[in-house]
Amino acid sequence: MTDMYALQIKDLTKTYANGTKALKGISLNVNKGDFFALLGPNGAGKSTTLGIVSSLVNKTSGSVQIMGADLDTQRTQAKMNLGVVPQEFNFNQFEKVFDIIVTQAGYYGISAAVGRERAEKYLKKLGLWEKRSTPARMLSGGMKRRLMIARALVHEPDVLILDEPTAGVDIELRRSMWEFLQEINDQGITIILTTHYLEEAEALCRNIAIIDQGSILVDCPMKELLGQMNQQTIILDVERGLPDSVHLDQFETVKVDDHTLEVVINKDQTINELFNELNKASVSVCSFRNKSNRLEEMFVSMLGKSEDA
Ligand code: ADP
């Protein structure tokens, strides 16, 4: 039964006019109520996929259904079922915040009276009510992003798609955005997002698909994927005067310079265990970070595997 899914994509292909095969036949099912992440390196085909789902890009072949409504045969219904938050701010910068939402409601055939009620509801939800009379161009980047979300919700869709929702958003704001997305997901809206940040997918998403060069590499629960990540390399910034070799019982260390240490943690080990051992060895840590983006490490190891296969 196709209407079991919030989004169902079957054998989707896209070849652009210049011959680029952006999608080579992908299939994906997203359950109703899911919080789903589509990840992949630059150029993988994420935006093309979302572009097709949101009717901004024409597919070459395959099918897409949104809450059971087919894009080819029930396009209006499919669009009603979907809210889209694209990466670029594409509202009229000179229009006032409140009017942007009401105008959008009109596009969906919602009466002006209901449009105004919805504008109030969603601007309040997103902390923008105080800014309702401000022209959009006067808003900060984070506020503009929230305005995009409020606008995408005005026709109360079942499925919300966000393309890189927290790109360029500072950490504090990112957390409040996460909380908001979690809240609306709890209320039953299916959320699908693309992101470059594994941390973001990890914090929010139950299921994840990874796309590379127009094909799906992985489609599984988030937990399963994290379990497959064998190791990560941590860079520790420590107090100056590090001895030539630091011996830890369970961890391999490499001294980079007299205040920097590189340590590999495998999936059975925790950062806490590492810190306990460093403590025993009298090494004081000032700060630490992942050597590379974990997502990139994962891509590298996966892409390596897929080429071997
Ligand atoms: P992602 O969102 O994962 O970065 P995209 O879907 O934007 O990937 O791009 C997938 C591939 O399609 C890339 O090789 C990109 O260069 C190409 N592409 C995207 N848009 C166009 C376009 N309008 N015309 C031609 N090629 C395109």
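Q: Hi! Which residue stands opposite G83 in strand 7?
A: That would be L160. Strand 6, which runs over 82-85, is joined to strand 7 (residues 159-163) by four bridges, and the two run parallel. By strands I mean DSSP runs of E with at least two residues, while helices are runs of H or I with at least four residues, and both are numbered from the N terminus. Two strands pair if DSSP finds at least two bridges between them.

Q: Before I go on, what kind of model is this?
A: This is a predicted model, where local features need pLDDT of at least 70 and side-chain atom pairs count only at pLDDT 80 or more, while totals for chains, interfaces and linings use all residues. Residues are numbered from 1 along each chain as its sequence is written, and side-chain values use heavy atoms, with hydrogens and water left out.

Q: Thanks! Back to strand 6: what is the order of the open sheet of six strands?
A: The order is 6-7-8-3-9-10, and the pairing is mixed. Strand 6 and strand 10 (215-221) each have a single partner strand, so one side of each is left without a neighbour in the sheet. On average, neighbouring strands here are turned by 15° against each other, direction ignored. The axes behind that angle are lines fitted to C-alpha atoms, for helices over the stretch in contact, and angles run from 0 to 180 degrees between N-to-C directions.

Q: And what about the open sheet of four strands, which order does that one have?
A: That sheet goes 12-13-11-14, with antiparallel pairing. Strand 12 (252-257) and strand 14 (285-290) are its edge strands, each pairing on one side only. The average turn between neighbouring strands of this sheet is 25°, again ignoring direction.

Q: How many bridges join strand 11 to strand 13?
A: Seven, between residues 231-238 of strand 11 and residues 260-266 of strand 13, running antiparallel. As an example, I235 stands opposite E262 in strand 13.

Q: How is the chain divided into domains?
A: Domain 1 covers 2-226 and domain 2 covers 231-308, with bounds that come from an automatic or database domain assignment. Their C-alpha centres lie 36 Å apart.

Q: New topic: how many aromatic pairs does the structure hold?
A: Three. Rings of Phe, Tyr and Trp (its six-membered ring) pair if their centres lie within 6.5 Å, with planes under 30 degrees apart counted as stacked, over 60 as edge-to-face and the rest as tilted. One of the pairs is F89 with F91: the ring centres are 5.9 Å apart and the planes are at 25°, so this pair is stacked. F89 is partly exposed at a relative accessible area of 30%, and F91 is buried at 7%. The classes are buried under 20% relative accessible area, exposed over 50%, and partly exposed in between (1.4 Å probe, protein chains only).

Q: Why is the pair of F98 and W129 edge-to-face?
A: The ring planes of F98 and W129 are at 65°, with centres 6.1 Å apart, so they fall in that class. The two are 31 residues apart: F98 is in helix 3 (residues 97-107), and W129 is in the loop between helix 4 (112-125) and helix 5 (141-153). F98 counts as buried at 18% relative accessibility, and W129 counts as buried at 19%.

Q: What lies over the face of W129?
A: R132 does, at 4.2 Å from the ring centre. The rule is that NZ of Lys or CZ of Arg must be within 6 Å of the ring centre and within 35 degrees of the ring normal.

Q: How many disulfides does a search of the whole structure find?
A: Zero. A disulfide here is a pair of cysteine sulfur atoms within 2.5 Å.

Q: Why is the sulfur of C220 without a bond to the closest cysteine sulfur?
A: Because that closest sulfur, in C205, is 12 Å from the sulfur of C220, too far for a bond. C220 is buried, at 8% relative accessibility, whereas C286 is exposed, at 52%.

Q: Last one: how many residues of helix 1 are buried?
A: Seven of its eight, so helix 1 (residues 46-53) is mostly covered. Among them are L50, I52 and V53. After helix 1 comes S55, which has a positive phi near 65°.
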